[in-house]
Structure formats: structure tokens, C-alpha cells
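Student: Please take one contact and go through it closely. Give me the cut-offs as you go, then set it beside whatever else helps.

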Amino acid sequence: MSEQQPFEPKIVAYVCNWCTYLGADLAGTNRLEYPANVRIIRLPCTGRIDFNLIIKAFEMGADAVLVSGCHPGDCHYTAGNFHARRRWILFRQLLETMGIDTRRVHFSWISAAEGKKFQQFVTEITETARALGPYQAYREICQAE
Amino acid sequence: MSRIGIFICWCGENIARNVDVERAAAEVADLPGVVCSVAYKYMCSDPGQSLMRQKIVSERLTGVVVASCSPHMHLRTFRKAAAMAGLNPYLVEMANIREHCSWVHHDRQQATTKAVELIRMSVAKVRANAALQPISIPITRRALVIGGGVAGIQAALDIADSGREVVLVEREPSIGGKMAGLSETFPTLDCSQCILTPRMVDVGQHPNIRLYTYSEVEGVEGYVGNFKVTVRKKARYVDMDACTGCGQCWNACPSKKNLSEFDYQMGNRTAIYVPFPQAVPARPVIDRDACLHFLKGKCGICAKKCAANAVKFDDQDEVITEEVGAIVVATGFKLYSIDRDQASSKLAGYGEYGYGQYPDVVDALQFERIVSASGPTGGEIRRPSDGQQPKSVVFISCVGSRDNAKGISYCSKICCMYTAKHTMLYKHKVHDGQAHVFYMDIRSGGKNYDEFVRRAIEQDGAHYHRGRVSKITQENGKLIVRGVDTLVGEPLTIEADLVVLASAMQPAGGATELAQKLNVGYDEFGFLSESHPKLRPVETNAAGVFVCGACQGPKDIPESVAQASAAAGKVLVMFSNEQLSREPEVARINETNCAACFACVRACPYNAIERAEVRDRKGQLVKRTARVNPGLCMGCGTCVAICPSKSADLEGFTEQQVYAMVESLV
Amino acid sequence: MQNELRQTCRRLLEEGTVQVVIGYGDGTDGQTFPTFVTRRDDVERLVWNERCYTNLATYLTRPEILALGKAAICVKACDERALVVLEKESQIDRSQLVVIGLACSTDGVKQPKCEACENRTPRWANVTIGDAAGETAKTTADRYAALQAFMQKTPDERMAYWKTELARCVKCYACRQVCPLCYCRQCIADKNRPVVISTSATLKGSFAWQITRAFHLGGRCIGCDECTRVCPAGIDLRLLNLSLARAAEENFNFRAGVDVEAEPIVGAYSERDREEFIR
Ligand SMILES: Cc1cc2nc3c(=O)[nH]c(=O)nc-3n(C[C@H](O)[C@H](O)[C@H](O)COP(=O)(O)OP(=O)(O)OC[C@H]3O[C@@H](n4cnc5c(N)ncnc54)[C@H](O)[C@@H]3O)c2cc1C
Ligand code: SF4
Ligand code: SF4
Ligand code: SF4
Ligand code: SF4
Ligand code: SF4
């Protein structure tokens, strides 16, 4: 990346197949524009999304990670998102203790009808990541011998 | 070595406008394992699909990535096409470069870069894909229907008429449910028994229906297609096969003053009895608590009178096992008990209405019996206390319903209609009587429903007062009903001879216990939960278990019947094949590595994982392990995330596939 | 106390109630060692002193120990919590185990964790040996004091701290080996298809490893601090364990291994779990 180009954060989004993925589809159908930084990885359910994937994304140079699924009560598999939520509560605490930047780890509920919310949220976290700059600390961890 | 073909769709201008598809095709052509990369105008069109099929054959492809629209749009299409060309459909993946790219990013440079990365991810994934075979599960093509109300009857008949066997379990001595005790039914005012009893007889005589009355489901094992159900047939003390239903016994029985359940405690029956004359089966049962033989050890008159020798005082409960492939739950409802079982429930009750204290305050089902030709008064409207004809009757709707303070927030849906019906039936029989109705709103949506209510008011002259009743007291043989008419804005007191409470509909007793046995969810009120309120209204989250009728929520007869036929339809769809074919994208467990901590067993929303044991040839326990039942797994992957050692994995979204995707994002 | 312990174990072996006693024996360098006594005459090797800090529960899931037959195990009140978790996780069958509780006298075992010790007498044992000074009133704050102090640092300082500390991790997996609850047959750290945790002893691998280890013990770690004690690099793993223990207590009112009745929080959920951090 040359010096003059503005910093473009890399964002990995783990989303569930039935709500947020469809929300993103709806954003597309409605032609709601948002920054092109996010890479969506489709999984069946937030219940499937393991914390190791968040760490992996940082190892691969992500500047922010988004995990998103169905609103409570709307899970396609009834309870996968409840299990996920409980894990996130614990995981965020661990991130805090480790000093990993929680402003770079985002969780949301975005339904299949919330194309607008998807657009807005992705725009917002891209802006945040842009303002925070590259996640230098984790890159250093990955580069250290 | 994988041989992957990439097919990039222009989607006319939809993708090509913002993504340089030709450049993308060139950039991904060199990815490891990729042997061909082409762009085409419309991949989903016939020529597009045949291009893909040709390449699969000519390039001997082992994997395909279609970069086009959302997989929700066309993944199935492309998988089918691949299968036609001889490639396992699960070796096809898509990259969503339309909804997630060209439609939302207008900078051609950025959009193209992103498209290339999305394709790269999909290529990385497909390299780790495995050829999957649809899972097939053998099914026992017999159904169990639990509950013999109108819903259960309908479901059982529909299934049986199609040639499949049905086991119908009803816990009362006769089928029929609430409808058997109703007088006439809205909105047509046809006689309830006249339309129901022929259906009951059909059930009793149907060669494909095995009927267990006075029986309950005790345990359920197994899973969709393969349930093992244990049914407890309670001791009836009458040999069902020998008995001819002649009635000698109950006519002779000296224990006559026992409150009739069927008449809601307003009439009497004998100790050996059939609940009502049209009962199916028309075989009596002995009420142990009323029978002099059991109470005093002497009597046995029924046994002496019985020419068929059918009375068996030594009868025992019998436990029967039935194998079925599908289960329909139709356990119906009960009425909010107002004061009777408040102790055992968290509901507040309606002590202020004096139910149970004043004999002339009755609930709506009791009133149905009072107007019914087969009821304790022979269809003449007489009040319970003194048998007088009531000249002024107050009907109170929403008793319990829509009342958060009393613990029930929902609308019971049918009370507005049957209350209107009650006023009409009353007026038709007591021409000089006056019906009053206290109501909150009138909810009469439905074909000919509002017209029906209007008729009650306009033709039959019922007085409708919008407001609630605060208290009922008894003075000089009259019931003093105090309330307000909020439209007039004034307190209103009516002297009534009879008060009828339209109390809330609640799930039948024992419904939640049954739901637990079946692994079916239920709401805070105990109504069973359907799988999806709109798209899967009669399915439940327990595969192979269906719901219909009032056990799922308040309903009238037409709705209960419609739902019952829908449930039967679902069962028959299932039974239309010998095997049940399910998507192979399910979890599997590496039994060697599994530590048998059973966290996954606890977490699985579908109870699809069981605790299993691995034994050697001598039967020695080698290890314990979790094991997924592919017949139940829905593929959510919750078990994968919960398993610390990743001994659980999910086909179609394996760890290998997902990590390959992330790792492609360098 | 030591004599009473030996007598009890002799009896258990003699009567054939158990085939092996898992206890402490004296080592040469003033340390104690896990000792497995299978013959009644060897009970003299068993000791009980202030150096018995090892949590022996970790041996209950080892195949080579299981092969010896029905076991009796010596536990202190702190170790005992591991048994509760192990039973909830179907790793041990309580009816097939004799638990010998050792009460810590005030001059008993001295480890950093003893500072926050709440009860010195095992509650779940079949036989309890010795007399403890009783319960010591400890508050939630006492329990998490070390963590509380650490969290005074800014996030950047914490990150810097872990970078320095974890740089010393040699990936020896002693922390895993000693942990009574790291009983997996194949640890995720040893998985190679895919590699979830980079296997090299680089900082990247050590971060991933400790995040994973700590998280896998979230809502399960009983705070025996064995992992911290054995770490050759002297990394204070306790801070990570404590942070999840506190999160479990604050959010789910749950403390691993304390309440025999309480259901595990892993693999469970409540519809009312908090979610103010979710958008
Ligand atoms: C006062 C009143 C008047 C009404 N009037 C009308 C009307 O005019 N028109 C109209 O369309 N609707 C009317 N309804 C509604 C109608 O009664 C219901 O829609 C209908 O009865 C629902 O049928 P069901 O089969 O779902 O339930 P139910 O009739 O309750 O039948 C359920 C059956 O399941 C059995 N059962 C319960 N639990 C178990 C178990 N665990 N194991 C085995 N068996 C079990 C019960 O014994 C019962 O036989 C009225 C309702 C009331 C309360
Ligand atoms: S969570 Fe993993 S280790 Fe535990 S029982 Fe399930 S598959 Fe086995
Ligand atoms: S994938 Fe979901 S449904 Fe299937 S076994 Fe795992 S947790 Fe249960
Ligand atoms: S770190 Fe996790 S996967 Fe490894 S042994 Fe411990 S609990 Fe099991
Ligand atoms: S993680 Fe450490 S403190 Fe916690 S139980 Fe394991 S060894 Fe003990
Ligand atoms: S014991 Fe210490 S050095 Fe060894 S793996 Fe654990 S943290 Fe690293």
C-alpha cells in the first residue's frame, strides 16, 4: 500500500445464514451502498461461530471482526444465538483482560429484514476501524519471533 | 489434487456494471487447484448451466465455484446442474458477488478487488469440501395421534383414509373432546353432536385406526420416523371385547349420585357409566371411587346383570408399546378454572365473581350443557340452583383473558363468538328473557362471523355493555352484577338470574409434561410451539412431531379442523416415501477424540446428540462418546463451537472449510 | 493426621474397597509428589504436610490410573471443587470413588491461592481427616483482588504485559497437563486439520494458546492455580482464569465446583442473559 492512499481496514464478518446473511442480501437488493472492506463468511448459525475464529481473523490481519446473527427468539435453530451470546459475554471479558482492543470486535443482531441496519452498521464499524488505524498490536504479536 | 472450475456471472449488467468480471476471471485463474475460470452473461440460464456441465465433464472438475448472486437464490440450481453432470452437488460453492458486492459497491476498482477475494474464499472452501450423500432414514409409516377431540379425530381420519395406520390415544373414556358437549355451533348454529358423532363413529369403525381410550402416553423414545411409544391403558374394569354396550349394567347400578364430568358437575351419572350416550367406544368404565364393590366390597350388581360377562373387577392397567413414525399432538384445552385450582397455579382467579360459591354463576362450557338437548335439563334453560327459568342472564367475556394482572395476556379468540351464540340460543328458548353482555371489544373476524354477532344484537336483542364487571353478589335469589358501561361512562348494576363467564382458554392439563416427553417447546402459558408461526404452523422443532387444534393456541372448530388436516397432510408427505431423505449437512463426532464431556449434548437445541458407548467385540466398554443422530440434527453447528477439542464438526461448514476461508484472506 | 490418613488408606486397601490410593508422597528435594499406592504396606509412603499443594484430581481421568481399579483420592477443600466439575462433565462416577478429604489446618498448605481460601474442610468427602480452623469469611472482592489490581492498568498496558509475559511461553503445555479439567483426548492445540492454534512457540501461537486454554476453562476452572504454579516461565495464568471466573460469577451467578446442585453454564443459556454490548 503506498503512502498517500488512505488506510483501508480489513474487516471479517462471521454471519449466520438465515438472518444477517439475508439482511446483507436485502441491502444488496435495495442497492444500499456501504464501504467495500467487509468480507462475509457465511455460517449456518451464530451458534457455530467459535471464538477461535475471531482470533484467527486477527491473525490473518483483520482490523476488525463482526459477528452477527438473528435477534433473540428468531434463531432459525431456536437457540443457537442464545448459546452464542453467553459465550460472547465470557469471551469479551477475556479480551479485556488480555488488552485486546474490544473496539474492534463487534456483535450484532441483524435480521433478514434489516438491510438498512446492515448497511449502517457495516459503515459505522468500517469508519471506527479506519479511525483506529491498522491493528498494529496484533500484527506485532503475529510477527514476533 | 483438486480440479476446480470457476464460473463468474455477469448477471447481465447487474454484476458486470461494477465488477470487471473478465479481469476477475483472469485473476483467479491461477489460484491453486483451479483448472478453468470463465465469465458468462447469465450463469443461471440454460446455456449458462450447460456451459458449467460441459466443463465439469471436459475438465474433469472436482469442485465448482459459481460467482454470482446469493446462494439463497441459486445454490440449489447450480448444485442440481452439477449433479446432472455427475459431480456431487455438495462440491459446488458460490461466491456472492452481486448482493454482497456489485449492488452495494459502486467503485469498480474496489468492487472488483472484493469480488476476487470473495471468489478466492470460495475456492479455498471448495477445496476442502467433501462429497456428501443425502441421509436416508427408514420410517415406520404409522402415526400416533394424541388427543381425540375434533382436531385429533380429523387428523386420525385423514391419515387413516389415505391407507396408513393410526394409533389414537385419548385419556377420557370416550373420544369427542369439548365439541361433544357443545350445543350448537357458531356461525351456522348447526348441532354440534350431529356433525361430530358420525365422525366419532368413523373413527371407532375405521380398519386403520387403533383406538386407545382411557389411556395416556407414558413415554416416547426414538426419533423422527422411528418412535417407540408406551401407552398406559388404565384399568376400565370392563372387558372391551366382550361388552356389547347394552346398558344393562349402568341402568342397574345403585351408585347413582356421582357428578358427571361430561355435564361439568351439573348432572349425575352411575359408577359404571358411559360419559354420554353417543360415546365412542360405546363401552362403560367403572369409576373406582364411586363403585360400591370397590368402596364397600359388596354389590357387583353390574357383573350379575351383564349377560356377556364383561365386568372384570380384577382388571389391571396395561402398558402397550407402539412403533410409529410420526406423532400428532391434539390435546386441546381447558377453561381457566376461575377459583377451583388457584392454589396450584400462579393465576389470581376471580373470587369476586363468586364462581363455585353461587351455583348460578356458571362457566361457558356449563352453559353449553344447559342449552344442549342432551344436557342435564334436557335442553330447557333452567338455572342450577332452583331449576327456574332465568329471565335475565348476564354474560361476561374476557374472564381471565387479556388480563395481565390475572396472569393471562392473550385473547382467547373464540369467546366473543360463543357469547354471541349463547345470547341467541338463550333468546330462542326464553323469548321473554333478556341477555346482557359485558365485553372489552368484540372480536369477530372470520367468514360470516361479524354478521353473526350483529344478528345477536340486532335481531335477538342482546344488550351489549362495553366494560368490566367488578363484583357479583347474591341477594334474595338474584345475582347483583356491578360493573361499568364505559361508553356511557356510568356504573351499571344488573339484577340477573344467571351469570355465564366466558373464561380464558388454557392448554389442557398435563400438556407441558407431554411436551417435555416429546421434546416439543411451549410458551409461558403452556401452549405448544410451532416451528415457525407463518411457514411451519403445524410442525414443531421436534422432527416428526406435529401439532393441531387448541393445544397450540386458542382456536375454534373450523381452525382446529383445518390445522388437523394440515398436520395430517404433513404426516402423509413424510409417509409418501419409504425413507426419509435429509440434507447431509449435519454434525458428526470424532468418537476417538471425543472426551465424553457431553457439553454438546446439553447445548444441542434439537436433542440430536446422545450419550453412547463404544464396546469391543466381547462387549467390554472401550469408551464413552457423544453421537449425533443424523435424523434429528438440523445442522446449526452449536455443538462444534461448544466442543473444546473440536471433536464435533459440521459437514458443509467444517472447521477445515471455514479456516481455509479465513486463511485465504491474506 | 498423617497417621490417621495412613490407617484409613490401609483399611480401604485391606477391605478391598479400593485398589489404589492417589495421595502425596515425599520427594527428595523437599517437594511432595503424587503417589499411587496399591499395596497396603505402601501406605507408609503417604504424607500430609504443608507442601501438599498439588491438585491430584487431574489423575482421575488418566487412563493409566483408571486401569489400576477403583480409586481413593486425597483432596483438599480447594481441590475438591474439581471433582464436582468432573462429575458434572461425566468424567467420574462418584459412586466408584472414595474421596478422602484433608482439612487444612491454619499452618497448612501455603500457596498464593490460600490467601483467598474460603473453607478449609472438604464438604464432599467420604472420609474427612483432620480439623480445620473453620470457615474464613471471604468476599467476592478478596477472591478477585489480584485481577482487580491488574485491571487498573490501561488496555494498552495490559496488552504490553501479556506480550512480555507470553513471549516467554515455551509451549510445554505443562499448564494443560496439570489441569484437572484439561482432560481432552486430543487438545485443540494438537489439532492439525485445520491448525487452530499455531503450534510454534511464537508469540502468535502463545497468545492463541492461552486465550483458548483460558476460555475453555471459562465457567469450569476451579482456581486451584496448578497451571500457574507449574509454568516454567512463571507466567501468571491465574489472571486469565480469574477474569473468566469473575465473569461467570457476575453474569451467571455461578462458581465452578462450589455448588453440587448447580448446572454447568457451558452448554446452557438463559433468555435473559445480558446483551447491552450487542448492537
Ligand atoms: C364454551 C365454548 C363454546 C364453543 N363454541 C364453539 C362454536 O360454537 N363453534 C366453534 O367453532 N368452536 C366453538 N368452541 C371451540 C371448540 O370447542 C374448540 O375449537 C375445539 O374443541 C378444539 O378442539 P381440540 O380437538 O383441539 O381440543 P379438545 O376439544 O379440547 O380435545 C382435546 C382432546 O384431547 C384429550 N386429551 C388432552 N390431554 C390428553 C393427553 N395428555 N393424552 C390423551 N388425550 C388427551 C382430551 O381429553 C380431549 O378429548 C367453543 C369453546 C367453548 C369453550
Ligand atoms: S463437546 Fe466435544 S468432547 Fe464433549 S462430548 Fe461433545 S463432542 Fe465430545
Ligand atoms: S449441529 Fe446443531 S442440531 Fe446438529 S447436533 Fe450439533 S447442535 Fe445439534
Ligand atoms: S485447552 Fe481446551 S482443548 Fe485443550 S485440553 Fe484444555 S479444555 Fe481441552
Ligand atoms: S485452569 Fe489452572 S487453576 Fe483452573 S482448574 Fe485448571 S489448573 Fe486449576
Ligand atoms: S506452562 Fe507456561 S510455558 Fe508451558 S505452555 Fe503453559 S503458559 Fe506456556
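Tutor: Start with the residues: A:L90, A:F91, A:L94 and A:M98 of α3(A) touch C:I211, C:A214 and C:F215 of α8(C). Contact here means C-beta atoms, placed from the backbone, within 7 Å of each other. By class, this contact has seven nonpolar, no polar and no charged residues. Nonpolar covers Ala, Val, Leu, Ile, Met, Phe, Trp, Tyr, Cys and Pro; charged covers Asp, Glu, Lys and Arg; the others, Gly among them, are polar.

The model is predicted: local features need pLDDT of at least 70, side-chain atom pairs count only at pLDDT 80 or more, and totals for chains, interfaces and linings use all residues. Residues are numbered from 1 along each chain as its sequence is written, while chains are lettered from A and ligands numbered from 1 in the order in which they are written.

Now the geometry. Two packed helices are described by the angle between their axes and the distance between the axes. Helix α3 of chain A spans residues 80-98, and helix α8 of chain C spans residues 203-216. Their angle is about 140°, with the axes 11 Å apart. Axes are lines fitted to C-alpha atoms, for helices over the stretch in contact; angles run from 0 to 180 degrees between N-to-C directions. Helices are DSSP runs (H or I, at least four residues) and strands are E runs of at least two, numbered from the N terminus. α3(A) and α8(C) are therefore oblique to each other. The cut-offs are under 35 degrees for roughly parallel, over 145 for roughly antiparallel, 65 to 115 for roughly perpendicular, and oblique for the rest. The crossing of α3(A) and α8(C) is right-handed. That means the near helix is turned clockwise from the far one by less than a right angle; anticlockwise would be left-handed.

Next, the chain that carries α8(C). Chain C has 10 helices and six strands. Its radius of gyration is 20 Å, close to the 19 Å of the globule rule for 279 residues, so chain C is as compact as a globular protein of that length. The radius is taken over C-alpha atoms, and the rule is 2.2 Å times the number of residues to the power 0.38. Those C-alpha atoms fill a box of roughly 60 × 40 × 40 Å along the principal axes.

Chain A also meets chain B: 35 residues of chain B are in contact with 31 residues of chain A. By class, the chain B side has 19 nonpolar, 10 polar and six charged residues.

Notes: Two residues are in contact if their C-beta atoms, placed from the backbone, lie within 7 Å.
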